[in-house]
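Here is a colleague's note to read with the model open beside you. Take the points in order, and find each residue on screen before moving on.

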Amino acid sequence: MLKRSVLTTALAAVYAAASPLPAFAADDQALAQMRDEIRQMKQEYEARIRALEARLQAAETQTAATQAAPAPSPATATTTASTAGGASAFNPEVSLILGGTYANLSQDPTQFRIQGFVPGGDEIGPGKRGFNLGESELTLRANVDPRFAGQLTFSLAPDNTASVEEAFFETKALSSGINLRGGRFLSSIGYLNNQHAHVWDFVDAPLAYQAFLGGQFKPDGLQLKWLAPTERFIELGMEAGSGAAFPGSDRNKNGIGSTALFAHVGDDIGESASWRAGLSYLRTGASDRTYEDIDRSGTGVTNAISGHANTWIVDGVYKWAPNGNATYTNFKLQGEYFHRKENGTLTYDTLAQSFGTAAGAYASAQSGWYVQGVYQFRPAWRTGLRYDRLNAGTPDIGLVSSGSLSAADFQRLASYKPARTSIMFDYSPSEFSRFRLQFARDRSRPEVTDRQVFLQYIMSLGAHGAHNF
């Protein structure tokens, strides 16, 4: 509230500035005239002050009355909004991502495998040769009410099938930095997992994501996050899911099938750089998760694994831009390390296609990592380099150690260290369009080297939220 004393002090300053006059500036009559003018100014200012005080008092009275009035009930608010908006009251944000690729592959993609790793998931390998529809997405998002929001994302695959990428609700008004999400969502383990494919810096997912998560881990369940009220970014979270997603399987049982824990921390380094690091843990269970293999006679067999998989992920990202302005030039360095232990039972030839069905203990310890750097050297131009490396280890197969079968009956599980090197260039005429050229030398299987060339386009239509750090 304006204080009369403050204004009086200001007015006194005006007097002080106007009073001292040199003796030669004017005679007594001129001084008297100036004093009259100053007196009139004082009277005018005092009148204005009284008017402002009256207006301010009236405004404060009206604000107090508004705060004291009872808030409308949710039912009343909903009814009012529906009446005002009619059929258009529900107006979700709509986002459409159009993506496509052209692939030139030196090896037959139908023979692709990551040697030493049990295959799983639908997002494995380089895809088909020639022109293909990429992973296009349609997203609908809107607020449900003041407390909840919802999102649905459809994924359109190159084989003309549609699937639900995400379908979840999340809270908006929980206190103390807590947020709850429920439904199907991209898990927050690791760094790249919760990012949609059109945000990636390369055409395909790193080999570690393909081998350990089947592309991306998308649980059906609940996620609880806590953001610490500190200057440094600190985020803790946990997830509980059905466990049907790879490396788990649908076990037709009550309870929790998968559990995930994650922690992320980050901060700025001066004005031009920032970083984020994370640690994640994922535990899933499988029951008769089948995969195709080849035995020593060259016959194709169907094997199955039952048991538990415990996966640890360490991730880190560093970003640099001059004075924090990434418009002209910037650099991003990121990497992730995976380590997984599996224990359970391996069933050989479940369909009795070769030597007959047999089962024994199974255990494995496998690891993998990737590191990549992307440099934007002009406002619309970027280049990037990525290196992938996996270590399949040597699995402990009870049927082999007991002499019932030989290691040659499990050719896909033979020890190997897959590797791949990729380089890309992309051009973005605007933030809504991107064209990318990528070359890769893939050594996922020991007998061949797949030289890959990709051309990709990504178009974004409609509402599109900010990307994660």
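1. Let's start with Arg420. Is this residue buried or exposed? In this predicted model, Arg420 has a relative accessible area of 2%. Buried means under 20%, so Arg420 counts as buried. Now look across to Asp388, whose relative accessible area is 0%; Asp388 is therefore buried as well.

2. What do the side chains of Arg420 and Asp388 form where they meet? They form a salt bridge, with 3.4 Å from N to O. Arg420 belongs to strand β16 (residues 419-430), while Asp388 belongs to strand β14 (residues 381-391). Because the partners sit in these two strands, the pair ties together parts that are 32 residues apart in sequence. If you are wondering about the chemistry, side chains of opposite charge can pair when their charged atoms come close.

3. Next, try Asp315 and Arg276. Their side chains also meet in a salt bridge, at 3.3 Å from N to O. Asp315 is in strand β11 (residues 300-320) and Arg276 is in strand β10 (residues 273-294), so you will find the pair linking distant parts of the chain, 39 residues apart. Both Asp315 and Arg276 are buried.

4. A further pair is Glu235 with Lys225, a salt bridge of 3.7 Å from N to O. Glu235 lies in strand β8 (residues 233-241) and Lys225 in strand β7 (residues 220-227). The two residues are 10 apart, and the pair links distant parts of the chain. Glu235 is buried, and Lys225 is buried too.

5. How many salt bridges does a search of the whole structure find? The search gives 20, so please treat the pairs above as examples to practise on. Some salt bridges share partners: Asp201, Lys332, Arg382, Asp426, Arg434 and Arg436 are joined into one network in this way. Try selecting these residues together on your screen.

6. Stay with strand β8 for a moment and find Ala240, which lies in it. Ala240 has a relative accessibility of 28%, and therefore counts as partly exposed. Which residues does Ala240 touch, leaving out those up to four places away in sequence? The contacts are Asp220, Gly221, Leu222, Ile256 and Ser258. For Gly221 there is also a backbone distance to note: its C-alpha atom is 5.6 Å from that of Ala240, although the two residues are 19 apart along the chain.

7. Now follow the chain into the loop between β8 and β9 (258-269), where you will meet Pro247. The peptide bond leading from Phe246 to Pro247 is cis, and its omega is near 15°. The loop between β8 and β9 also holds Asn252. Asn252 is not a glycine, yet its phi is positive, at about 50°. With a relative accessible area of 74%, Asn252 is exposed.

8. Ser176 is another residue to check for its backbone angle. Its phi is near 60°, a positive value in a residue other than glycine. You will find Ser176 in the loop between β5 (162-171) and β6 (178-184). Is Ser176 buried or exposed? Its relative accessible area is 55%, and the cut-off for exposed is over 50%, so Ser176 counts as exposed.

9. Let's turn to empty space inside the model. The whole structure has 3 cavities of 30 Å³ or more. The largest cavity holds about 50 Å³ of space and is lined by 14 residues. Nearest its centre are Ile305, Gly307, His308, Ala309 and Glu342. Which strand gives the most to this lining? That is β11, with 5 residues; β10, β11 and β12 (330-348) each supply at least two. By class, the lining of the largest cavity has 5 nonpolar, 7 polar and 2 charged residues.

10. Finish with the second largest cavity, which holds about 40 Å³ of space. Its lining is made up of Leu192, Trp200, Asp201, Phe202, Asp204, Pro206, Gln334, Gln372 and Arg386. Sorted by class, these are 4 nonpolar, 2 polar and 3 charged residues. Asp201 may look familiar: besides lining this cavity, Asp201 belongs to the salt-bridge network described earlier.

Definitions and conventions:
Residues are numbered from 1 along each chain as its sequence is written. This is a predicted model: local features need pLDDT of at least 70, side-chain atom pairs count only at pLDDT 80 or more; totals for chains, interfaces and linings use all residues. Side-chain values use heavy atoms; hydrogens and water are left out. A salt bridge is a side-chain nitrogen of Lys or Arg within 4 Å of a carboxyl oxygen of Asp or Glu. Helices (H or I, at least four residues) and strands (E, at least two) are DSSP runs, numbered from the N terminus. Buried means under 20% relative accessible area, exposed over 50%, partly exposed in between (1.4 Å probe, protein chains only). Contact means heavy atoms within 4.5 Å. On a 1 Å grid over the protein atoms alone, a cavity is a set of points where a 1.4 Å probe fits but cannot get out, and a pocket is an open set with protein on both sides within 12 Å along at least five of seven lines; lining residues have an atom within 4 Å of a point. Grid points are joined across faces, edges and corners, and a volume is the space filled by probe spheres set on the points. Ala, Val, Leu, Ile, Met, Phe, Trp, Tyr, Cys and Pro count as nonpolar, Asp, Glu, Lys and Arg as charged, and the others, Gly among them, as polar.
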